[in-house]
Amino acid sequence: MSNDKNKELTPTQQEYQELAKKREPARPIFQNCIRAFISGGTICLIGQAIQEMFVHWAGFSEKEASNPTVAVIILISVILTCFGVYDKIAQWAGAGSAVPVTGFANTMASAALEHRSEGFVLGVGGKMFKLSGPVIVFGVVAAFFIGILHLIFNPGAVGGS
C-alpha cells in the first residue's frame with residue numbers, strides 16, 4: 001500500500017507547492033479566536049437565559065432545568081440549520097459554533113437534510129450518523145470508562161446522591 005506523503009514529487013509539483021505556499025493568505029488566528037469566543041459565549045449566554053426561564057417561570061430547580069435547556073438549544077440549532085441560518089453563523093464564528101452541542105445538532109441536521117431525497121431509512125437515518133456517529137461512539141465509550149473509574153475510585157457514590 002503506497003502512502004502519498006512518501007511519494008516523490010516531480011520538480012513541477014514541487015514548484016507548484018512552493019508557489020501555492022507563497023500565495024496562501026495568512027490565517028487571521030487572533031481574529032478567529034475572538035470570533036469563536038464571542039459566538040461560543042453568545043450560545044452559552046442564550047443557553048443560560050433559557051435555563052433561567054425554566055427555573056423562574058416553570059418552577060424547575062437548576063439541576064432539573066439542565067436537560068430541557070439542552071433540548072431547546074438543540075431544537076433552535078436544528079431550526080436554524082433547516083433555514084440555512086446556522087451555516088452562515090458558523091462561517092463567521094468558526095469553532096465557536098462547532099464546539100457547543102449546537103454544532104453537533106447542526107452536523108446531524110445538515111446530513112439529514114442533505115440526504116433526505118434518498119429516503120428516511122437509508123438517506124436520513126443512515127447518513128445522519130455518518131459524520132456524527134464517531135462522536136456518539138466516542139462519547140459512549142468515554143462515559144463507560146469514566147463510569148468504571150468513578151466506580152473504582154469512589155465506590156460509595158454508586159446509586160446517586
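In this predicted model, 20% of the 161 residues of the protein chain count as buried. The chain contains seven helices and zero strands, and its order along the sequence is α-α-α-α-α-α-α. Among contacts between residues at least 6 apart in sequence, 49% join residues at least 24 apart.

**Helices α2 and α3**

The two helices α2 and α3 are set out below.

| Helix | Residues in helix | Span, first to last C-alpha | Expected span at 1.5 Å a residue |
|---|---|---|---|
| α2 | 30 residues | 42 Å | 44 Å |
| α3 | 21 residues | 30 Å | 30 Å |

For α2, the span is close to the expected value, and the span of α3 is likewise close to its expected value. Helix α2 covers residues 29–58 and α3 covers residues 62–82. Each is followed by a glycine with a positive phi: Gly59 after α2, with phi near 75 degrees, and Gly84 after α3, with phi near 80 degrees.

The buried residues of α2 are Ser39, Gly40, Ile43, Gly47, Ile50, Gln51 and Val55. Their cover includes α3, α4, α5 and α6. In α3, the buried residues are Ala65, Pro68, Thr69, Ile73, Ser77 and Thr81, and these pack against α2, α4 and α6. An α-helix has 3.6 residues a turn, so residues three or four places apart point the same way. Within α3, the buried set includes Ala65, Thr69, Ile73, Ser77 and Thr81.

Thr69 illustrates the packing of α3, the helix in which this residue is placed. Its relative accessible area is 7%, and Thr69 is therefore buried, the cut-off being under 20%. Leaving aside residues up to four places away in sequence, Thr69 touches Gly47, Ile50, Gln51 and Phe54. Of these partners, Gly47, Ile50 and Gln51 are among the buried residues of α2.

**The largest pocket**

The largest pocket holds about 170 Å³ of space. Its lining consists of Ser39, Thr42, Ile43, Ile46, Ile73, Ile76, Ser77, Leu80, Tyr86, Ile89 and Thr102. At least two of the lining residues come from each of α2, α3 and α4, the last of these being residues 85–93. By class, the lining comprises seven nonpolar, four polar and no charged residues. Several lining residues also belong to the buried sets described above: Ser39 and Ile43 are buried in α2, while Ile73 and Ser77 are buried in α3.

**Aromatic residues**

A pair of aromatic rings is described by the distance of the centres and the angle of the planes. Two aromatic pairs are found in a search of the whole structure. In one of them, Phe54 and Phe60 have ring centres 5.5 Å apart and planes at 65 degrees, so this pair is edge-to-face, as planes over 60 degrees apart count as such. The pair formed by Phe144 and Phe145 is also edge-to-face, with 5.3 Å from centre to centre and 75 degrees between the planes. Phe60 has 29% relative accessibility and therefore counts as partly exposed.

Phe104 is located in helix α6, residues 101–114. With a relative accessible area of 30%, Phe104 is partly exposed. Its C-alpha atom is 8.5 Å from that of Ile74, a residue 30 places away along the chain.

Definitions and conventions. Residues numbered from 1 in each chain as written. Predicted model: local features only at pLDDT ≥ 70, side-chain atom pairs only at ≥ 80, totals over all residues. Heavy atoms only, no water. Phe/Tyr/Trp six-rings, centres within 6.5 Å; stacked < 30°, edge-to-face > 60°. Buried < 20%, exposed > 50% of the residue type's maximum accessible area, 1.4 Å probe, protein only. 1 Å grid on protein atoms, 1.4 Å probe; cavity = no way out; pocket = protein on both sides within 12 Å on 5 of 7 lines; lining within 4 Å. Points joined across faces, edges and corners; volume = space filled by probe spheres on them. Helix = DSSP H or I, 4+ residues; strand = E, 2+ residues; numbered from the N terminus. Nonpolar A, V, L, I, M, F, W, Y, C, P; charged D, E, K, R; others polar. Expected span 1.5 Å × (residues − 1). Contact = heavy atoms within 4.5 Å.
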